[in-house]
Amino acid sequence: MSSFNPQELITRALIRLRQSGFQLGVSELLAARQALEGGFGETPEELAQTLKILWCHSPSQQSQFDPIWESLQVDSTSKQPEKTPHKKPKPETHQESMEKPPEISSSPPPQDAVTEVKSEPELSSLPIRAPFTPAKTEDTSALQAYYPMNRRSMSYIWRYLRRPVGDGPLNVLDVDATIEQATRQGFYLAPVYRRQERNNAHLLLLLDQNGSMNPFHRFTRDLVETALYESDLQPEKVDVFYFHNVPATSVYKDLYLTEPIALQTVLAACDDRTSILIVSDAGAARGYRELKRIRATTSFLFQLKRHTSLIAWLNPMPKERWIGSSAEIIANLVQMYQMDNNGLSNAIDIVRGQHLHSPF
């Protein structure tokens with residue numbers, strides 16, 4: 001009795017191929033059964049060729065079909081011995097056993113079938129990455145809000161520090177003098193010229209350096225550069241010296257405080273028309289009130305006033321921070337202004353002799 005059941009084999013082949021990724025449906029199953037009824041598939045080999053023609057649409061699918069079909073045949077063959085009755089083996093003679101060649105099974109060993117079952121794709125969960133969530137940063141707008149003044153404002157305000165003196169060449173036409181001369185003589189004889197004017201203002205900048213003034217080094221540097229190169233002042237008329245906290249017996253030529261020079265030597269070059277601008281926080285940055293610092297600053301200011309009264313103090317700290325510190329007392333000894341546009345403008349007015357008011 002033959003074990004070949006084409007209908008069952010077609011159904012099992014369809015299920016196995018769908019599990020392997022073949023796009024097969026009811027229409028393909030009906031087409032295979034119709035072909036079988038037409039006489040295509042009388043043997044397993046013919047049925048395999050018929051199904052490959054109907055269901056396989058590429059060489060890749062054909063290569064996948066063959067092992068699946070062979071595994072189905074192995075399953076069918078493994079079930080057959082259970083149904084067939086047991087027959088007693090005939091005793092073989094020695095001659096028959098020598099002449100009979102060893103049978104070679106056309107079907108692959110059952111181990112291959114197990115390997116094919118393991119090759120089926122396994123479904124597993126994919127790794128999931130947590131969405132990127134940026135960490136919240138602190139709002140630093142409050143720390144960046146305090147910006148006393150910019151370089152452009154400094155360059156503009158410095159232009160008000162002028163002390164014009166006519167000591168240039170005699171090549172400027174004086175229209176008023178020419179008209180007056182012609183009117184007095186009764187006839188025009190020649191134009192009247194006057195000398196060119198130059199800004200003869202002398203500026204002495206004394207800048208507090210290091211310590212509590214570190215955050216303001218950028219502004220003091222801009223203040224020096226704009227006074228030297230972006231104003232109407234003559235660079236040789238701008239003297240810049242540095243000190244730390246309080247100018248004592250000496251100040252420094254460089255901002256690193258490595259080239260000291262005696263304070264008396266610096267003040268010897270000053271006269272009553274020298275404009276002195278001091279830039280320091282006067283202890284307001286740390287909020288300390290130190291009597292020692294106040295006394296030293298008072299002595300220093302008295303030395304300056306022996307040479308000129310055109311003195312102003314620019315404090316980079318806001319005015320409300322002066323309260324309770326040494327700056328509050330020092331502000332009563334000299335005209336002290338907050339470092340902003342209005343403060344620098346008022347300080348320039350003081351050092352050029354306008355609205356001069358002495359606290360003493």
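Q: A salt bridge here is a side-chain nitrogen of Lys or Arg within 4 Å of a carboxyl oxygen of Asp or Glu. What makes E328 and R289 a salt bridge?

A: This is a predicted model, and the distance in it does the work. The closest N and O atoms of E328 and R289 are 2.7 Å apart, and the cut-off is 4 Å, so the pair counts as a salt bridge.

Q: Why can we say that E328 and R289 tie parts together?

A: Look at where they sit: E328 is in helix α13 (residues 326-330), while R289 is in the loop between β7 and α12, so the bridge ties together parts 39 residues apart in sequence.

Q: Are E328 and R289 buried, exposed or partly exposed, and how do you know that?

A: Buried means under 20% relative accessible area and exposed means over 50%. E328 comes in at 32% and R289 at 46%. Both values fall in between, so each residue is called partly exposed.

Q: What makes E230 and R151 a salt bridge, and which parts do they tie together?

A: Their side chains meet at 3.0 Å, N to O, and that is within 4 Å, so they pass the rule. E230 is in the loop between α10 and β4, and R151 is in helix α8 (residues 151-158), so the parts they tie together are 79 residues apart in sequence. E230 has a relative accessible area of 29%, and R151 has 29% as well, so both are partly exposed. Salt bridges with shared partners also join R151, D222, E225 and E230 into one network.

Q: How do you know that K52 and D66 form a salt bridge, and how many salt bridges are there by this rule?

A: The K52 and D66 side chains come to 3.3 Å, N to O, which is within the 4 Å limit, so they qualify. This pair links distant parts of the chain: K52 is in helix α3 (residues 44-55) and D66 is in helix α4 (residues 59-83), 14 residues apart. By this rule the count is nine salt bridges.

Q: Why is K52 called buried or exposed, and what about D66?

A: K52 has a relative accessible area of 15%, which is under 20%, so K52 is buried. D66 stands at 33%, between the two cut-offs, so D66 is partly exposed.

Q: What makes the phi of A282 worth a look?

A: It is positive, near 55°, in a residue other than glycine. A282 sits in the loop between β7 (274-279) and α12 (291-305). With a relative accessible area of 1%, well short of the 20% cut-off, A282 is buried.

Q: What about the phi of N210?

A: N210 is not a glycine, yet its phi is positive, about 70°. You'll find N210 in the loop between β3 (202-208) and α10. Its relative accessibility is 28%, so N210 is partly exposed.

Q: How do you know that helix α1 has close to its expected reach?

A: Helix α1 (residues 6-19) has 14 residues, and its first C-alpha to its last spans 20 Å, close to the 20 Å expected at 1.5 Å a residue. Its buried residues include L9, I10, A13, L14 and L17. Just after α1, G21 has a positive phi of about 105°.

Q: Which residues touch the most other members of the largest nonpolar core?

A: Among its 58 residues, those are W158 and I278. Setting aside residues up to four places away in sequence, I278 touches, among others, L206, F243, F300 and W313. Another core, of 19 residues, lies apart from it, with A32, A48, W55 and F65 among its members. In soluble globular proteins, nonpolar side chains tend to be buried together.

Q: Which residues form the nonpolar patch on the surface?

A: They are L170, L173, V175, I179 and Y193, with about 490 Å² of accessible area together. Both β1 (164-173) and α9 (175-185) supply at least two residues of this patch. V175, for one, is in helix α9. Patch members need over 30% relative accessible area, and V175 has 46%, so V175 clears that bar while counting as partly exposed.

Methods:
Residues numbered from 1 in each chain as written. Predicted model: local features only at pLDDT ≥ 70, side-chain atom pairs only at ≥ 80, totals over all residues. Heavy atoms only, no water. Helix = DSSP H or I, 4+ residues; strand = E, 2+ residues; numbered from the N terminus. Expected span 1.5 Å × (residues − 1). Buried < 20%, exposed > 50% of the residue type's maximum accessible area, 1.4 Å probe, protein only. Patch = residues over 30% accessible without salt bridge, like charges linked within 9 Å, V, L, I, M, F, W, Y side chains within 5 Å. Areas by Shrake-Rupley, 256 points an atom, 1.4 Å probe, with all protein chains shown as cover. Core = buried A, V, L, I, M, F, W, Y, C linked by side-chain atoms within 4.5 Å. Contact = heavy atoms within 4.5 Å.
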